[in-house]
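Here are my notes on the model, set out as numbered points. They cover the pocket, the cavities and the cysteines.

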Amino acid sequence: MSKYSFIFSGLLFCFAGQFFFPSVSRGFEKQVDFQQEIAPILEQHCIRCHTPGNNKGDLSLATIDNLEENGYLIAGDPEGSYLLDLVTALEGMPPEMPKDAEPLNTEEVALVREWISQGAHWPDDLVLHEKSKADSTWWSYQPLDQSPPPSKKNVKSGFREWKKHPIDRFIFSKLAEENLEPNPPADRRTLIRRATYDLTGLPPTPAEVEAFVNNPDPNAYEKLIDRLLASPRYGERWGRHWLDVVRFGESNGFERNVIIDSLWPFRDYVIDSFNEDKPFDQFIREHLAGDILGKDQPDVAVGSAFLVAGAYDNVKNQDPAQAAQIRANTLDEIINATGQAFLGMTLGCARCHDHKFDPISQRDYYGLYATFSAVTHGAVPLATPEQKAERAKQLAPILKQKKLVETAESKLRAEILARAKSKLETYRQRWTRPPVDRTGTEERFDPVSAKFVRLLCEAQDITLSSNIGFAIDEFEVWSTGEKPRNVALASNGGTASGESRQIEDFPNAYGPQHANDGKVGARFLSRGNYLTIELAQPTEINRVVFSSARGETTPEHRKFVFVAEYRIEISDDGEHWVEVANSHDRMPVSQKFHMRRPELSSKHVDHRLFELEITPEERRELARLTKEVATLRREISEVPVIPSVWIGTRNAQSAEGPFHIFLGGSPQRPGEIVQPASLSVLDEVAPSYDLPSDSKEATRRTELAEWIADERNPLPLRVLANRLWHYHFGTGIVDTPNDLGYMGGRPTHPELLDFLANKLIESDWRLKPMHRFIMLSQTYRQSSDYRQQAGEIDGDARLLWRFPPRRLSAEEVRDTILQVSGKLNKKMGGPGFRLYHFMQDNVCTYVPLDEHGPETYRRAVYHQNARASVVDLMTEFDQPDCTFSSPRRAETTTPLQALTLLNHQFTLDMAHFLAERLQSETAGDLPDQIERAYQLCYSREPSAEERQACQEFVDQHGLPALCRVLLNTSELIFVR
């Protein structure tokens, strides 16, 4: 539509086929109020697309400046304002704007016209923003409700036990609203199995079951809970929950997916923290600023590994724009993880624009970006001052001696080089030929008959002190005569050999066969100092040509490492060699192949001079000194090292301001300056902070940690209380544990959620009292039996008229099988085990193991979980990929689960071990073995029918087969 496509006559104009007079129809008798009348129109219809960072058509309506600069608006002249053209309809045609949205109605168009006519007043400091669906009045941003639980009088007679516990009164009150009643209590066998799995992730032993079932003590259940909470198995179980939330994974993900072997101390820290019942507010502080709060306390500093426990791209892109984008993505991952774990907020949605659903602005997001700006992934040594002092004490005499020897060595080398440089001009006259060329180096020599030809590397062109690690894409050997041939080619019968770099998942990927295949691109990467070509038959030759970057546009790249010094030798038998050419008369390596390290050319000169000048006596003395240094280095390596832990490093340069909003999320489009600050939506309910851009990096993270862990901040308390409920009952009071915002679920029992959050404060943020409080309720202790009538009203039992049964998690399935078979190794802590075979080159490969040896019989929480890796059995049973936070476990039912559990060698082995256990723990009587098997697997006795069926099955198929069946039953992997 043209800017001048409307023709107006006086005040009369056409809108949707009807003629009307806007100023008359609206009767504009007063000044149009921009904030009350125009701003809401623009925010509803326009700002979604036309805002800084998302200014489609290069137009932003956030302020009046862009409208006037681009000629869309001329104050006082509605006919000349293109903005009005765009939002006004022609007869039979909709307006051009807004696209894919409800157009302005007749009155809104008229109002905009009148506003322009009156001079288009726009307050100077007013910037328009798209309003989010929720605002600061959203339920989760409000102070915690301090209301008491419902009155005991509201609980029906006949449910006396439900009157006692506050949780039960909340639940009963909601059930009553739906005309529902709770189930009766579960029996003791069910209850001990439920509670033991809930708190430890393992089944109770038969002895524990019988002791509890037959215990006349009225406080037996309370004592059971106390015993389970005191078990070290508790930390392993609930630590696993938290590791899911904080996306703990032991590889970096992305295309390289390199294994991380120094992150396991964080896993142990989490388990220990749960077992110690560390106050969760302190736990939060240590996650965000543990390296600051516990500078000399490794067991505290390790908490900050949370920041770098997620996936990150470690490909070092040479393009500055791409590198900046990767860095922005890395910090976004940390911001997202923080928001989800502690605040139940999807902060990442405010990266490119203000959050469309929750009241989180880009300014809020980039305030956190500034807070985490110095955090980079990596491992650092962690030790107490005493440990550091002890190591320094042991190293001091060795380092002193090493310095003396190295000084003597350096002095001798300097003397030799000084003598040589005084003869530089004499030596330089020997260097008459061009330097080696990565794209093609040729050597000609007198015709000679040869069966073998080899290239001997004396120094490669990046590390001149090394004669291994060079690359060759083609090595040609040319025959003499009128029609010379490349007789080195494999197609001409040539065979290449040489020790090459090996990678397990792609054998011979860098093998010598690439040096004579007639192709460039793939290359031989040496792990020795030679490449040998065996010709099909003795041949007269007079020329060789070899290269590492033939046809490449960037031959200076490090991957094309070449020979700097070499010899060409020939042989008739492969044992006796004769030199026919060398590089000694060539000029030093060319700087064009070392643009990133121009000093290499001068270093090559020094290398040449040194080798020409050194005497035999000096060479022997250098060898002696070098050997002594090697001995001292070995002694140093024998001193216990300070362990390095993956808690990340802090890049002070990255922490320097100023920091900007990135328009559209792009680092290449910096917007207004921001400062490290708390989230503005909570300013009215929690103490806020706003730090200057030059504030210390440590101060920023400490302030954030204190703000999140402040008991006046309602979000972390609600999030934590909801997570506790989720893990005890299978679904949270809010069924989206990581999102308490507009797009998340709504609380089924909001008053109960706030009651639990307040209870957390009363408990000093300790979780064990909360577990006890929840598990002593009748709500938790009731039966899981299904009732048709109740199920028709509340099929998912969200109102908790019954205890929701659940399937075991992947880790619980594996741990249970190990436990009942008697093979579970309960060793705690330390480096994890692997259920995959790990292979690494430039990228990494994880191949699931077909057989799981005894070294893998530990609890699954100690498995070294790599991102995007498949682990047989656990992957099938919905173990989540640790690339992202997993606040809820999926619970699928697939044929692959049954097939894997039935046929995997792990299950077969455990069935065999279970059969052996049954035979060793009974007198060899089959009925006793069957009874014992049921006690171990199901915490109950078999029925008469089950006994009979099992006996007949064993008679026909044997005891191991029966054990295999039991390990594949639903009852084993479900908790009721």
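**Notes on a predicted model**

1. The lining of the largest pocket is mixed by class: ten polar, nine charged and eight nonpolar residues. Please keep in mind that this is a predicted model.

2. The largest pocket holds about 1,000 Å³ of space. Its lining has 27 residues, and the closest to the pocket centre are Arg501, His557, Arg558, Lys559 and Asn842.

3. The whole structure has six cavities of 30 Å³ or more. The largest cavity holds about 80 Å³. Helix H10 (232–245) and helix H21 (714–729) are the elements that give two or more residues to the lining of this largest cavity. H21 gives the largest share, four residues.

4. What is the lining of the largest cavity like by class? It has eight nonpolar residues, one polar and one charged. Residues lining the largest cavity include Trp238, His241, Trp242, Phe274, Phe280 and Arg723. Leu720, Leu724, Tyr727 and Leu767 also line the largest cavity.

5. Now the cysteines. The disulfide count is zero. The cut-off for a disulfide is a pair of cysteine sulfur atoms within 2.5 Å.

6. Why is the sulfur of cysteine 349 without a bond to the closest cysteine sulfur? That closest sulfur, in cysteine 352, is 9.5 Å away, so it is too far for a bond. Cysteine 349 is partly exposed, at 38% relative accessible area.

7. Cysteine 963 is buried, with 0% relative accessibility. The closest cysteine sulfur to that of cysteine 963 is in cysteine 937. The two sulfurs are 7.4 Å apart, too far for a bond.

Notes
Residues numbered from 1 in each chain as written. Predicted model: local features only at pLDDT ≥ 70, side-chain atom pairs only at ≥ 80, totals over all residues. Heavy atoms only, no water. 1 Å grid on protein atoms, 1.4 Å probe; cavity = no way out; pocket = protein on both sides within 12 Å on 5 of 7 lines; lining within 4 Å. Points joined across faces, edges and corners; volume = space filled by probe spheres on them. Nonpolar A, V, L, I, M, F, W, Y, C, P; charged D, E, K, R; others polar. Buried < 20%, exposed > 50% of the residue type's maximum accessible area, 1.4 Å probe, protein only.
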